[in-house]
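Welcome! Here is a short briefing to help you find your way around this structure. Please have a look at it first, and then read on.

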Amino acid sequence: MPSYVTEWSLTRRKMFCNCARRFTIKYLTDKYREFNKNHPAKRLSPWDLMILSTRQVFFQWLEDLHRNVIWSDKMLYSTIKLKIITNSHETDYQQKHGLNFDKKILISKGYARLKKLIRQPLLKKLARGGIKEWSYHERTKVVTFGHLDVYCSPDIVFRTGNKWNLVRLNFQSEIKQPYLDLELTTMLLWSKSNQYLPNLESKFNIYGIFYQQGKWHQKRVRPSKKGFQETKQLLENDVHQMNLLQKEFYRTKDIDAMPLTNSPSYCKRCPYKTNCPINA
Ligand code: SF4
């Protein structure tokens with residue numbers, strides 16, 4: 001009998017909502033779960049490889065900025081180039097498709113995306129030293145919420161006056177984000193687990209900075225008790241639905257019986273499209 005699903009992250013939520021088959025392969029089947037764990041980069045499409053590399057370079061940029069080391073455009077370009085080349089050696093797309101042509105496009109897309117990001121008002125202010133008290137966080141630390149393990153830390157936290165600001169970046173967002181406010185409010189759960197931060201919703205601002213259709217956008221959410229309550233319900237409901245899917249999968253033991261995406265464009269970047277019934 002498989003153990004219950006207890007983990008929640010935004011990546012899992014997005015995949016679950018978009019395609020049950022893809023979610024099942026990635027998170028619910030032991031065969032693939034082991035494979036994905038041992039070969040994390042191998043299941044990436046070139047586009048996802050660019051997004052992953054861009055995010056990694058952004059954190060290198062942030063790390064240096066925190067030490068007052070400012071990057072030139074040349075440094076930004078060469079770092080993204082190196083990261084994409086290095087990461088591409090880790091993916092089986094290199095062998096399958098030959099990335100020589102793609103790599104140039106990926107590097108230029110990644111560079112443009114980063115350049116636009118660091119021109120965002122909030123990050124510009126950070127880069128120019130306009131915000132004194134700030135920190136950055138990788139989303140690898142888990143927060144325990146009841147019986148759930150939740151990955152919900154902000155990417156950047158900064159303080160202005162008596163307010164704490166929690167910022168999450170999304171390097172490739174969907175066009176429709178019906179639960180964006182609640183998804184962003186999950187960062188409040190992270191703040192509750194941090195003893196140095198206040199325990200009052202009104203002491204926080206929440207920001208989402210996301211890339212969509214060639215542009216970065218910024219969304220601000222004013223947290224409330226009610227919103228926080230709804231966010232916790234969202235997490236519980238998501239994990240409940242994931243467990244129902246797992247139950248169904250173990251009943252049928254058939255990956256291809258799992259529901260497929262309603263949006264064929266979602267398949268473009270799917271690493272599991274070979275043999276998928278959607279192509280039948
Ligand atoms: S190819 Fe499309 S339908 Fe098939 S698993 Fe991937 S996202 Fe789902």
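K124 is found in helix α8, which covers residues 121–127. Please keep in mind that this is a predicted model.

**K124 and its surroundings**
- Is K124 buried or exposed? K124 is exposed, because just 11 other C-beta atoms lie within 10 Å, and a residue counts as exposed at 12 or fewer.
- Between K124 and Q172 there are 20 Å in space, taken from C-alpha to C-alpha, and the two are 48 residues apart in sequence.

**The sheet**
- How are the strands of the open sheet ordered? Three strands form this sheet in the order β1-β4-β3, and their pairing is mixed.
- The edges are held by β1 (7–9) and β3 (143–145); each has a single partner strand, so one side of each is left without a neighbour in the sheet.
- On average, neighbouring strands of this sheet are turned by 30° against each other, with direction ignored.
- Strand β4 (residues 148–151) pairs with β1 in the parallel sense, over three bridges.
- If you look along β4, you will find D149 standing opposite E7.

**Around the ligand**
- Which residues surround the ligand? They are C19, R21, R22, L260, T261, Y266, C267, C270, Y272, K273, C276 and I278.
- By character, this shell around the ligand divides into eight nonpolar residues, three charged and one polar.

Definitions and conventions: Residues are numbered from 1 along each chain as its sequence is written. This is a predicted model: local features need pLDDT of at least 70, side-chain atom pairs count only at pLDDT 80 or more; totals for chains, interfaces and linings use all residues. Helices (H or I, at least four residues) and strands (E, at least two) are DSSP runs, numbered from the N terminus. A residue is buried if 20 or more other C-beta atoms lie within 10 Å of its own, exposed if 12 or fewer, and partly exposed in between; C-beta atoms are placed from the backbone. A residue is near a molecule or strand if its C-beta atom, placed from the backbone, lies within 6 Å of it. Ala, Val, Leu, Ile, Met, Phe, Trp, Tyr, Cys and Pro count as nonpolar, Asp, Glu, Lys and Arg as charged, and the others, Gly among them, as polar. Two strands pair if DSSP finds at least two bridges between them. Axes are lines fitted to C-alpha atoms, for helices over the stretch in contact, and angles run from 0 to 180 degrees between N-to-C directions.
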